[in-house]
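Reader: I've got a fold to look through and would like to talk it over. Could you take my questions one at a time?

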Amino acid sequence: VKDGPLKVNSKAVMLSDVRETLSNREIWKVSFVWMFFNIVAIGFLTWAPYLFTLFKEATPVYASILSSLIMIANFFFVPLFGFASDKVGKRKPFILAGMIFMAISLNAIVFASGFSLVICIIILGAAAGGVPPMVMAITAQTLPPKSAGMGFGVIAFWQNIGIATTAPIVGYFIGITNSLSLTFLGL
């Protein structure tokens, strides 16, 4: 792979560089956003087929197809939002709007059925498309090139915490509430 425009000198990373990266507030903020995003996305992908079968009376195959719509929509919207944020020059409004519309569409899914359910899930996927490119761009822009690996390591750590905890947390919500609306509200 060719070196990019920000080629890093081969100097070793010093302890002060590690401290600087780990004390960067923007990296911690974007890490927590990324963790919560992954809790919602993975929680939905994991539990939506079961929830749609239980509460929406969908067949297992149809419930699985419905739950995968979030990623299909996301596939188209991630590059679109990345391009738009590059043109606008701002990242945080896209993250904020994405998270707000994700919350709204999750709650709309509770009341939707038939074709409106499909539309709500597509909107959820479209809204989710506003978060990943912004998280990656903010991480890359916040740190100097020699600290990029550490920065991405921090966000990957919190991403994995979110992924590892979402299944049991959502399962717990389902177990204690036996409610689609309270489960999605928890997400």
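**Helix packing and a few odd residues**

Author: Sure, and let's start with a pair of helices: α2 and α6 cross in a left-handed way. The contact draws on Glu26, Ile27, Val30, Val33, Trp34 and Phe37 of α2, and on Pro132, Val135, Met136, Ile138, Thr139 and Thr142 of α6. Keep in mind that this is a predicted model.

Reader: How do the residues in the contact of α2 with α6 split by class?

Author: Glu26 is on the α2 side of that contact, while Thr139 and Thr142 are on the α6 side. Glu counts as charged and Thr as polar. By class, the contact of α2 with α6 comes to nine nonpolar, two polar and one charged residues.

Reader: Are α2 and α6 roughly parallel or roughly antiparallel?

Author: The axes of α2 and α6 (residues 132-142) come within 10 Å and cross at roughly 160 degrees. Since angles over 145 count as roughly antiparallel, that makes α2 and α6 roughly antiparallel.

Reader: Stepping back, what is the secondary structure of the protein made of?

Author: Reading from the N terminus, the elements go α-α-α-α-α-α-α-α. The C-alpha atoms fill a box of roughly 60 × 35 × 30 Å along the principal axes. The tally is eight helices and zero strands.

Reader: And what percentage of the residues count as buried?

Author: Buried here means under 20% relative accessible area. The protein has 187 residues, and the share that count as buried is 39%.

Reader: Among contacts between residues at least 6 apart in sequence, what share join residues at least 24 apart?

Author: One helix pair that makes contact is α2 (residues 25-55) with α5 (residues 115-128). For the protein, among contacts between residues at least 6 apart, the share joining residues at least 24 apart is 76%.

Reader: Back to α2, then. How do α2 and α5 run relative to each other?

Author: The axes of α2 and α5 come within 12 Å and cross at roughly 160 degrees. With angles over 145 taken as roughly antiparallel, α2 and α5 are therefore roughly antiparallel.

Reader: What classes of residue make up the contact of α2 with α5?

Author: α2 passes α5 in a left-handed crossing. On the α2 side the contact uses Phe37, Phe44 and Phe52, and on the α5 side Leu117, Ile121, Leu124 and Ala128. Phe, Leu, Ile and Ala all count as nonpolar. So the split is no polar, no charged and seven nonpolar.

Reader: What is the handedness of the crossing of α2 and α3?

Author: α2 and α3 pack with axes 8 Å apart, at an angle of about 145 degrees. Their crossing is right-handed.

Reader: Which residues make that contact, and how do they divide by class?

Author: From α2 come Phe44, Leu45, Ala48, Pro49, Phe52 and Thr53. From α3 come Pro60, Ala63, Ser64, Leu66, Ser67, Ile70 and Met71. By class that is ten nonpolar, three polar and no charged residues.

Reader: How far apart are the C-alpha atoms of tyrosine 50 and alanine 63?

Author: Tyrosine 50 sits in helix α2. With a relative accessible area of 41%, tyrosine 50 is partly exposed. Tyrosine 50 and alanine 63 are 13 residues apart along the chain, and their C-alpha atoms are separated by 7.4 Å.

Reader: Is arginine 91 buried or exposed?

Author: Arginine 91 lies in the loop between α3 (60-88) and α4 (92-111). Apart from neighbours within four places in sequence, arginine 91 is in contact with Gly82, Ser85, Asp86, Met134, Ala137, Ile138 and Gln141. Because its relative accessibility is 12%, arginine 91 counts as buried.

Reader: Which side chain does the side chain of arginine 91 join in a polar contact of 2.8 Å?

Author: The cut-off for a polar contact is 3.5 Å between N or O atoms. At 2.8 Å, the partner is the side chain of aspartate 86.

Reader: I like to check backbone torsions. What is phi of glutamate 57?

Author: Most residues other than glycine have a negative phi. Glutamate 57 is found in the loop between α2 and α3, and at 74% relative accessibility it counts as exposed. Its phi is positive, near 55 degrees.

Reader: And what is phi of asparagine 178?

Author: Asparagine 178 belongs to the loop between α7 (148-177) and α8 (180-186). Asparagine 178 is exposed, with a relative accessible area of 52%. Its phi is also a positive value, near 45 degrees.

Notes: Residues numbered from 1 in each chain as written. Predicted model: local features only at pLDDT ≥ 70, side-chain atom pairs only at ≥ 80, totals over all residues. Heavy atoms only, no water. Helix = DSSP H or I, 4+ residues; strand = E, 2+ residues; numbered from the N terminus. Buried < 20%, exposed > 50% of the residue type's maximum accessible area, 1.4 Å probe, protein only. Polar contact = N/O pair within 3.5 Å; in protein donor to acceptor, adjacent residues only side chain to side chain. Contact = heavy atoms within 4.5 Å. Axes fitted to C-alpha atoms, helices over the stretch in contact; angles between N-to-C directions. Parallel < 35°, antiparallel > 145°, perpendicular 65-115°, else oblique. Left-handed = near helix turned anticlockwise from the far one by under 90°.
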